[in-house]
Amino acid sequence: MEVAEEVPDAETPDDEEPPTYPNMDLAQTVFQLEAAAPAELDGLRAQIVEVVRADKMAPYYTYLIGKYGFAADDALLAELKAANAEELAALKAALEDAEQNHGETEVLDALFGIASFHARVGDKDEAYTAFDIIVDKPKVSTGKKIDASMAKLRVALFFMDTDTARKLLRSAKKLVEDGGDWDRRNRLKVYEAVFFMIERDFKSAAELLLDGVATFTCTELCSYESFIFYAVLTNVLYLKRPELKKKIVDGPEVLGVIHLPQLDPLPILVNGLYDCEYAGFFNALVTLNTNLLKDRYIARHARYLIREYRILVYSQYLDAYKSVMLGTMANAFGVGQPFLDQELSRFIATSRLNAKIDKVGGMVITNRPDMKNAQYHTVIKKGDMLLNQIQKLARVIDV
C-alpha cells in the first residue's frame, strides 16, 4: 500500500519570519477609539486610515465605516477594492499554476498566500474559510496545520470573536499534542493566556504567562513588553511572597524590561506589594487603572482587577495584626479613614476579608478562619452526602 507523502515544514534557520497578519497593533489602535477623548478622535482616525491604505484593507475599511462611523471616502474605497481584486486574482492564478505544474509544497504556499491576504485586508469570513482549507487538506504536516490554526486564531482575536477563538484553541491544542514542536507549543500557550485574560480567568493566564517569560517568541500576537506587562499584572495576584520575589521582583527577564516607560507603574506596584509600601501601591493603582482601560484584552476587567489588588494588600496588611487602629491603617495606605472604613466594610460583608470593625473603638479586628474546624465540617458534610448516596443505592438494590 502506497503511503501518501506529507508536505514538510521546510523550515531552516535562515527562513524569514511568517507574515504577521492581521495587524494586532491596528486592532489596539481601533479599540482606543472607544475610550478616547473627543479631541483625540481625529488623530486616531487618521492614523487608522493610514494603515488601512498601506495594507489595502478594503473589507476592514467598510467595517470601520459601519461600526465606528468613519467618513466614507468613496474614491479610497474604490481604489482599495480594485487593488484587492487585482492581488487576489494574481494569488489565485499562482494557486492554479502550482496545482497544475508544481508539487504539494508550492500548492500549500499558494494557499497560505491567499489566507494571509484575506487576514491582512480584514475579511474575517474569507480568512476563516481560507485557513480551514489548509487545515482540512490531506498530506499537510501537523506543523503547518498548527500554523494555519494559530493564524486563524489571530483573526478571531483581532475581531474579538471569542466563540470561534474558544473552538480554535481546543483544536490547536489537540494538534500540538499530536505533533507540535517546542516553538509552536510555547507560542500557543501565549494565545491561550490572552484568551484566558479576555475570559477573566486570570489564574490560568498567570500560570501560562509565567511559564513563557524565558521562552517568549510569539511576537505576531504582542510585543515582549506587553507580554511582561500581562505576566506581572496577573501573577502579582496569585504568587506567594517567596515566588513573587524569585520570579517577578528579582526575575532577570522581568527586570530587563519592567522599568521601561510603557510599563509604568508596574515597578512601584510590585515593589510596593513586596516591601509593604502600601501608600505607593495605592497611588500606582490610579495610573494602572488608566492603562488597563486602554488595553483591548483587559479593559472590560479593569474594575475587577483593581478591586482584587485592593483586597490583596488589605489582606496582607491585616495578616500581621490581631487588631489595628483604623486611623493607623488609613495612614499606612495614604487614604482617608472614612474611605477605608467603607472599603473594609464592603469586603468584610462579602466575606473577602476575615476581619470585623469595632466602630466604638475605631479598630479593625482580624478574624482568622479556624482551618481545623473548617476541615472537620467539610468531612462531616461530605460524609453525610456519602451516606445518603449509599442509602439510595441500597433501596435500589432491595427493589
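**Close-up 1. The surroundings of L288 in the nonpolar core.** Leaving aside residues up to four places away in sequence, L288 touches F229, L233, P265, L266, L269, I306 and Y309. One of these partners, Y309, shares a distinction with L288: among the 126 residues of the largest nonpolar core, these two touch the most other members. In soluble globular proteins, nonpolar side chains tend to be buried together. Please keep in mind for this and every other view that the model is predicted.

**Close-up 2. Helices α14 and α15 side by side.** Here we stay with L288, which belongs to the α15 side of a helix pair. The axes of α14 and helix α15 (residues 278-292) come within 8 Å and cross at roughly 150°. The two helices are therefore roughly antiparallel, and their crossing is left-handed. Which residues meet across this pair? From α14 come L266, I268, L269, G272 and L273, and from α15 come Y278, G280, F281, A284, L285 and L288. L266 and L269 also appear in the list of residues that L288 touches.

**Close-up 3. The cis peptide bond leading into P265.** Where does P265 lie? Look in the loop between α13 (252-255) and α14 (266-274). The peptide bond joining D264 to P265 is cis, with omega about 10°. P265 is also one of the residues in contact with L288.

**Close-up 4. A cis peptide bond at Y21 and P22.** In this view, Y21 and P22 are joined by a cis peptide bond whose omega is about 0°. P22 is placed in the segment before α1 (24-31). A word of caution goes with residues 1-15, where pLDDT stays under 50. For that stretch the model has 22 contacts beyond four places in sequence. For the protein chain, the mean pLDDT is 90, and 93% of the residues reach 70 or more.

**Close-up 5. Helices α2 and α3, with K56 in the loop between them.** Helix α2 (residues 38-54) and helix α3 (residues 58-68) have axes that come within 10 Å and cross at roughly 155°. This angle makes α2 and α3 roughly antiparallel, because it is over 145 degrees. The crossing of α2 past α3 is left-handed. On the α2 side, R45, I48 and V52 meet Y60, Y61, L64 and Y68 of α3. The loop between α2 and α3 holds K56, a residue other than glycine with a positive phi, near 55°. Is K56 buried, partly exposed or exposed? Its relative accessibility is 34%, so K56 counts as partly exposed.

**Close-up 6. R200 in the loop between α9 and α10.** Please turn next to the loop between α9 (182-198) and α10 (202-211), where R200 is found. Phi of R200 is positive, near 70°, in a residue other than glycine. With a relative accessible area of 38%, R200 is partly exposed.

**Close-up 7. A330 within helix α17.** A330 is part of helix α17 (residues 326-333). Its relative accessibility is 3%, so A330 counts as buried. Which residues does A330 touch, not counting those up to four places away in sequence? They are V335, G336, Q337 and L340. A279 also belongs in this view: A330 and A279 are 51 residues apart in sequence, with their C-alpha atoms 9.2 Å apart in space.

Note on methods
Residues are numbered from 1 along each chain as its sequence is written. This is a predicted model: local features need pLDDT of at least 70, side-chain atom pairs count only at pLDDT 80 or more; totals for chains, interfaces and linings use all residues. Side-chain values use heavy atoms; hydrogens and water are left out. A nonpolar core is a set of buried Ala, Val, Leu, Ile, Met, Phe, Trp, Tyr and Cys residues joined through side-chain atoms within 4.5 Å. Buried means under 20% relative accessible area, exposed over 50%, partly exposed in between (1.4 Å probe, protein chains only). Contact means heavy atoms within 4.5 Å. pLDDT is the predictor's confidence in each residue, from 0 to 100. Axes are lines fitted to C-alpha atoms, for helices over the stretch in contact, and angles run from 0 to 180 degrees between N-to-C directions. Helices (H or I, at least four residues) and strands (E, at least two) are DSSP runs, numbered from the N terminus. Angles under 35 degrees count as roughly parallel, over 145 as roughly antiparallel, 65 to 115 as roughly perpendicular and the rest as oblique. A crossing is left-handed if the near helix is turned anticlockwise from the far one by less than a right angle, and right-handed if clockwise.
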